Amino acid sequence: MKKLCLCFLLLSNHIQALPPEASVIQIVVFTQEPDWDEPWNSRPVSRSTGTGFVIEGNRIMTNAHVVTWAKQILVRRYQDSQPFQARVSHIGHDCDLAILEVDAPGFFDELPPLPLGTLPSVRSTVVTYGYPAGGEQISYTSGVVSRIELQSYTHPGNRRLLAVQTDAAINPGNSGGPVIQDGKVVGVSFQGIPGLENTGFFIPPPVFDHFLKDVEDGDYDGFPQAGVRMAPLQNPAERAYLKVPSQFEGARIDTLFSDSAKEHLKKDDVLLKVGPFPVARDGTILYEKNQLHAGLAFTLAQNGETVPVLLWRDGEEVMLNLPVWVNREDAAAGNSYHLPRYYVYAGMVFTPLTKDYLTTFGQNWSSVADTGILYELYYRKKSDPDNARPEPIMLAATLAHPVNANMRVRGRVMVDQINGKKIDRLEDAIDALENATTPFLNLRFIGSYGFETLHAEDAATANQSILNTYGVVNDRRL
Amino acid sequence: MKYPLAIALVFLGIVSSSLAQRARSPWADSVVRLDINRHQYNFFQPWARRVSASQKFGVVVGKREIVTTANLLFNHTLLRLQKGGRGQWYTGRITWIDYHANLALLTVDDAEFWEGLKPAKLASQVPDSGTVELVRWSSGRFEVRNLNLNRLQVRKGQLTFVDMLHLQLDSEINGVGWSEALTKGDEVIGLTISQSRNKCLAIPSSFIRSVLQAQSEGTYRGMGFFNFYWQQSENPTTLDFLDLTGPRRGVIVTEIPALPGDENTLKRNDILLSIDGFGIDTVGDYDDPQYGAMMLENLATRNHWAGDKIPMTIWREGAELELLYTLPKADFDMELIPTARYDVPPEYVMAGGLIFQPLTVPYLKSWGSDWQRRAPVRLIHYKGQPPTEERPRLVVLSTVLPDAYNIGYQSYRFVVVDKINGQRISEINQIQAALEQSSDGYHLIEFEQGEPVERIVLDAKRLGAATQRIMLRYGLAEAAVVND
């Protein structure tokens, strides 16, 4: 008995004394990206690795980019050679976080969840845990918190959220690994900046806490935005023009983008306070001793919640609750991580204009793409909203067949009209082509590309045979 | 002993006479060097003027008359010419220049300069292949080099948006493109304009000759051009779609940019069947009697000038139609974003540290040779837009010279101006008038929708003093340069 108890005690002590690495998981992912040029196809399967860590509820937290487009996810425990299959239960592309679950019983036994900490202070020391490239064993790096700022998140491409910069090395494979301080997770390693030495970035507690709270209801919504552009309000003339009392700080609301902002706010409102945070003249707030852009304060709310704002409007203070929503309008301009929508007819491949699609032009896609197309994707909605199309459609390519072989314009052009009908979304193209009553199909393109014409009857006759020739099993994904 | 010496003398005599023969290339008396000092502007600092020096060549073509390309003559401060490849430089002046045609006539008032110079003959028809000679002065020697003429090509001119005929040559010689004469037999067949790797471009003498002749007769009205875009009709279904009967021919008009004063009646989807009596094929070429297949744009500059009426046959709505097309005059001011503005310093208005400038292609070229990729997409987008009556051109807030007066605005750059104090701003010369109309002591400057900021406010009362102070601090001699 005594002997047994001692053993138990030893074992129990062993669990208690388990260092954080016991709960750090190596992730091996087999991914298959879609092919935006030939959207019915996928690219070759590739293997990559990342890191995750166990959190409450038998879940593994990692980066969204580690498991994006995954066909198979294998997880491996510390010093355990057996791989287990995992699946994504939630993924937040905007904050580059994901939660994995493992169905194999017993996987989480003896894996204590790592406790989650709070935002570390600048100059404090942190240690990263992960499985970076260059070996198979777990690796540790330590460094100080260099600064805390809103950073552009590379994975979504068009989101800025809070991020912490450290001089601890964060390399490929580290992604999704915990950053530990005083035994608690104070960050999730996620990106570096090529060419900058001794800089790695991790996702801090305010962001992963927000993500975890968001998924409590079973769905992930994302980080809301105010839907406005703020401008600094430092110029004495502008302050006098808006009659802002000298003892007030505050930044000016220059442009209203979202419906909620248009409903509740006015241009030239002076934003004095967001939630508990006074707004300075340069549009920043003091958040946990860091001077940061006031936009941060809106992202702390959950989708659909209201944020109390104090405004200076028409010479008096106004307090109101601003509902804030996730911006889904700009998904095409970021990486949307949905399988591409497409439609193939008479060999012509139609797909929406997205950043993902443009990246098929090559690494220097932004130099190769026609500036007219870049304008359509990134600027039209803001500068000319009345003429902006909800979903600009590209003729991506033309699968050669005698019926279309004479077409001079064969791809990489934006469709303006088909048979005189303006093409605002993929469904418009399908409708115009399938329900054509004229003997010709006439496609007019944006820019200097003119138009192309096919015989409608020949096109309809050849359609199925072209799909067969090129192995297009489904002529559409909607 | 005398005998060998005599042989040596004879030998030397032969050598020196051969040298003399080589130095007497007949072209040496027709080709002169040009030395040009000119202003070079930095559009990011439009008040700063630097002087650059360039050298090129000219060809004597008439009595006290030298022809050269117009390139590098703009904004000149001093023009000098030299004959014989060495010795004295003579001050010259431009008697006529046309940037669209890329041609200039020069003269020198000092009669001494013209002694020994002989006019060269410009060919009225140029070859389209074979070896030609490039002649120029190089380090005091007269150089005659062979080049291979590849083809004739219709393409955009060096200084303009107008398409015209060019010679394309293979060249292994370095540093070509400075208006060197190309010769064949006893005629000049062209003047070089540029070199890219081993390809060299030149303006053909046939074109130079016709422009100079019209100019001397007073019938030159400037370059005309076709103000429409067209597409090839190699896809026969496009012609079927437009109900063309008979043989497949012609190209299709796709767009006619809005142009004040252009009263031509071409429409989108018209098929151009013939221009000036020449049938147009489905790729847009006509059969030139001198040079074979040429792009139809050449018909706008082939012995035609602005204002000429050119007969066209078009196909519209199932029938042939004859019309006369009046060639609009090429003018940079007709563009929303002008391709160029020559012989004027860059315009700007500095008000309270805010630098306003017209949005022009030379301004966009400040982003470097690949400006069409590197300049902000917002600005490049306007390049393809037509001007409208209410918005013929654009003005940008280019940058802000930091001062306490404009604090808070220092980071605004390259923002297209919409209104100042409620007045629409399209031209740089409207800014100062608009700034005289302040409302309640403030200047309200509004920007186009979608720009990085929508509006800023300045203190009207302190504007004058701030502008003066900022001029001194940043070394601006003038607060504004606005051309008439």
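**Domain packing and chain contacts in the predicted model**

The C-alpha centres of domain 1 and domain 3 of chain B are separated by 37 Å in this predicted model. The two belong to a three-part assignment of chain B, in which domain 1 spans residues 25–220, domain 2 spans 229–326 and domain 3 spans 333–481. Contact between domain 1 of chain B and domain 3 of chain B involves 12 residues of the former and 21 residues of the latter.

The area buried between domain 1 and domain 3 of chain B amounts to about 1,600 Å², with 70% contributed by carbon and sulfur atoms. On the domain 1 side, B:F43, B:F44 and B:W47 together account for 48% of the area that this domain buries against domain 3 of chain B, more than any other three residues. The residues of domain 1 of chain B that touch domain 3 comprise 10 nonpolar, one polar and one charged. Zero salt bridges are counted between domain 1 and domain 3 of chain B, whereas four residue pairs are in polar contact between these domains, both residues of each pair being at pLDDT 80 or more.

Aromatic pairing was examined over the whole structure, where 39 aromatic pairs are found over all chains. B:F226 and B:F228 form a stacked pair, with 5.3 Å from centre to centre and 25 degrees between the planes. Both B:F226 and B:F228 are buried. B:F228 also pairs with B:Y325; the ring centres are 5.8 Å apart and the planes stand at 90 degrees, so this pair is edge-to-face. By the domain assignment, B:Y325 falls within domain 2 of chain B, which covers residues 229–326.

The interface between the chains was considered next. Here 39 residues of chain B are in contact with 39 residues of chain A. The area buried between chain B and chain A is about 3,300 Å², and carbon and sulfur atoms give 54% of this area. Three salt bridges are found across the interface of chain B and chain A. A salt bridge links B:R455 to A:D268, with the closest N and O atoms 2.4 Å apart. On the chain B side, B:R455 lies in domain 3, assigned to residues 333–481. In addition, 20 residue pairs are in polar contact between chain B and chain A, again with both residues at pLDDT 80 or more.

Methods. Residues are numbered from 1 along each chain as its sequence is written. Chains are lettered from A and ligands numbered from 1 in the order in which they are written. This is a predicted model: local features need pLDDT of at least 70, side-chain atom pairs count only at pLDDT 80 or more; totals for chains, interfaces and linings use all residues. Side-chain values use heavy atoms; hydrogens and water are left out. Domain bounds come from an automatic or database domain assignment. Contact means heavy atoms within 4.5 Å. Buried area is the accessible area (1.4 Å probe) that two parts lose on being put together, summed over both. A salt bridge is a side-chain nitrogen of Lys or Arg within 4 Å of a carboxyl oxygen of Asp or Glu. A polar contact is a pair of N or O atoms within 3.5 Å; within protein, one must be able to donate a hydrogen and the other to accept it, and residues adjacent in sequence count only if both atoms are side-chain atoms. Ala, Val, Leu, Ile, Met, Phe, Trp, Tyr, Cys and Pro count as nonpolar, Asp, Glu, Lys and Arg as charged, and the others, Gly among them, as polar. Rings of Phe, Tyr and Trp (its six-membered ring) pair if their centres lie within 6.5 Å; planes under 30 degrees apart count as stacked, over 60 as edge-to-face and the rest as tilted. Buried means under 20% relative accessible area, exposed over 50%, partly exposed in between (1.4 Å probe, protein chains only).
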